[in-house]
Amino acid sequence: MKTLHLVRHAKSNWDNALVEDMDRPLNDRGRLNIGELAMLLKHEKARIDLLLTSPARRAFATANAIAEALELDDKRFQTEPRLYMPDLESILDVISQTEKTFTNLMIVGHEPSLSTLIGYYIPNFNAKVVTASHTKLSFQCNSWDQVSANNLKSAFHRNRHDWMGGSLI
């Protein structure tokens, strides 16, 4: 079994239009929301073997809050440049190239990449993934290069509007 956690970065600060996209920080609501999600994951004793994040400042801050809450060490928390605004093929490459020894993978990234990826696994999914949302997809397979819509066993989604969330399938 492989479990893929997808987290969209929390709400970013647009107060300064001169700040480059890669350098935009979280705003107050973003810091609050990601703190809430991080505490939920901690309370649920979420198991994350590897957390990969986009290098964008807002994504890294989101991932860092989760990594701290789950007490992940540096070996289990890594920046992955290919996760900054990737196309579907790039994000699928990141997933399929993950070492098979990792059972629970978390990716912190951006829209529209995350909704596109969820739609790849769940064809009737056509929603936009809002900031600070969490999707958990579980697959009946032994390695990350085998993950597919055909072996998807469960799909759960929640966001800052509904932390209880619900099944996608």
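This briefing walks through the cores, strands, main pocket and backbone oddities of one predicted model. The largest nonpolar core has 25 residues, and a second, separate core has 22. Strand β1 has all seven of its seven residues buried, so the rest of the structure largely encloses it. The largest pocket holds about 160 Å³ of space.

**The largest core**

- L4, Y121 and L137 are the residues with the most contacts inside the 25-residue core.
- Seven elements give it two or more residues each: the strands β1 (2–8), β2 (50–53), β4 (104–109), β5 (134–139) and β6 (152–159), plus the helices α3 (88–96) and α4 (113–121).
- Helix α4 hands over the largest share of this core, namely four residues.
- As background, nonpolar side chains in soluble globular proteins tend to be buried together.

**Helix α4 and Y121**

- The buried residues of α4 are S113, L114, S115, L117, I118 and Y121.
- What do they pack against? The buried residues of α4 sit against β1, α3, β4, β5 and β6.
- It helps to recall that an α-helix has 3.6 residues a turn, so residues three or four places apart point the same way.
- Y121 is worth clicking on: setting aside residues up to four places away in sequence, Y121 touches L4, L92, I95, L137, F139, V147, S148, A149 and L152.
- Two of those partners, L4 and L137, are listed with Y121 itself as having the most contacts inside the largest core.

**The second core**

- Among the 22 residues of the separate core are L26, L51, A56 and W163.
- L51 belongs to β2, where L51 and T53 point one way and L50 and L52 the other, with all four buried.

**Strand β1 and its partners**

- Which residues cover the two faces of β1? K2, L4, L6 and R8 lie on one side and T3, H5 and V7 on the other, and every one of them is buried.
- That split fits the usual pattern, since side chains in a regular strand alternate between the two faces of the sheet.
- β1 pairs with β5 in the antiparallel sense through six bridges, and H5 stands opposite K136 there.
- β1 also runs parallel to β4, again with six bridges, and here H5 stands opposite M106.

**Strand β2 and its partners**

- Four bridges link β2 to β4 in the parallel sense, with T53 opposite V108.
- β2 pairs with strand β3 (residues 77–79) as well, in parallel and over three bridges.
- In that β2–β3 pairing, L51 stands opposite F77.

**The largest pocket**

- The lining is made up of T3, H5, L41, E44, A46, R47, N104, H134, K136, F156 and R158.
- Strands β1, β5 and β6 each put at least two residues into this lining.
- Sorted by class, the lining has three nonpolar, four polar and four charged residues.
- H5 and K136, both in the lining, are also the residues that stand opposite each other in the β1–β5 pairing.
- For context, rolling a probe the size of a water molecule over the atoms shows where empty space is left.

**A buried arginine**

- R24 sits in the loop between β1 and α1 (28–43).
- Is R24 buried or exposed? Its relative accessibility is 6%, so R24 counts as buried.
- Beyond its neighbours within four places in sequence, R24 is in contact with S12, N13, W14, V19, R57 and R58.

**Backbone oddities**

- Most residues other than glycine have a negative phi, and most peptide bonds are trans.
- Where is the cis bond? The peptide bond from E111 to P112 is cis, with omega near 5 degrees, and P112 lies in the loop between β4 and α4.
- E71 is not a glycine, yet has a positive phi of about 55 degrees; E71 is in the loop between α2 (57–69) and β3.
- With 63% relative accessibility, E71 counts as exposed.
- A132 also has a positive phi, near 60 degrees, and is a residue other than glycine; A132 is in the loop between α4 and β5.
- At 0% relative accessibility, A132 counts as buried, whereas E71 is exposed.

Terms used:
Residues numbered from 1 in each chain as written. Predicted model: local features only at pLDDT ≥ 70, side-chain atom pairs only at ≥ 80, totals over all residues. Heavy atoms only, no water. Core = buried A, V, L, I, M, F, W, Y, C linked by side-chain atoms within 4.5 Å. Buried < 20%, exposed > 50% of the residue type's maximum accessible area, 1.4 Å probe, protein only. Contact = heavy atoms within 4.5 Å. 1 Å grid on protein atoms, 1.4 Å probe; cavity = no way out; pocket = protein on both sides within 12 Å on 5 of 7 lines; lining within 4 Å. Points joined across faces, edges and corners; volume = space filled by probe spheres on them. Nonpolar A, V, L, I, M, F, W, Y, C, P; charged D, E, K, R; others polar. Pairing = 2+ DSSP bridges.
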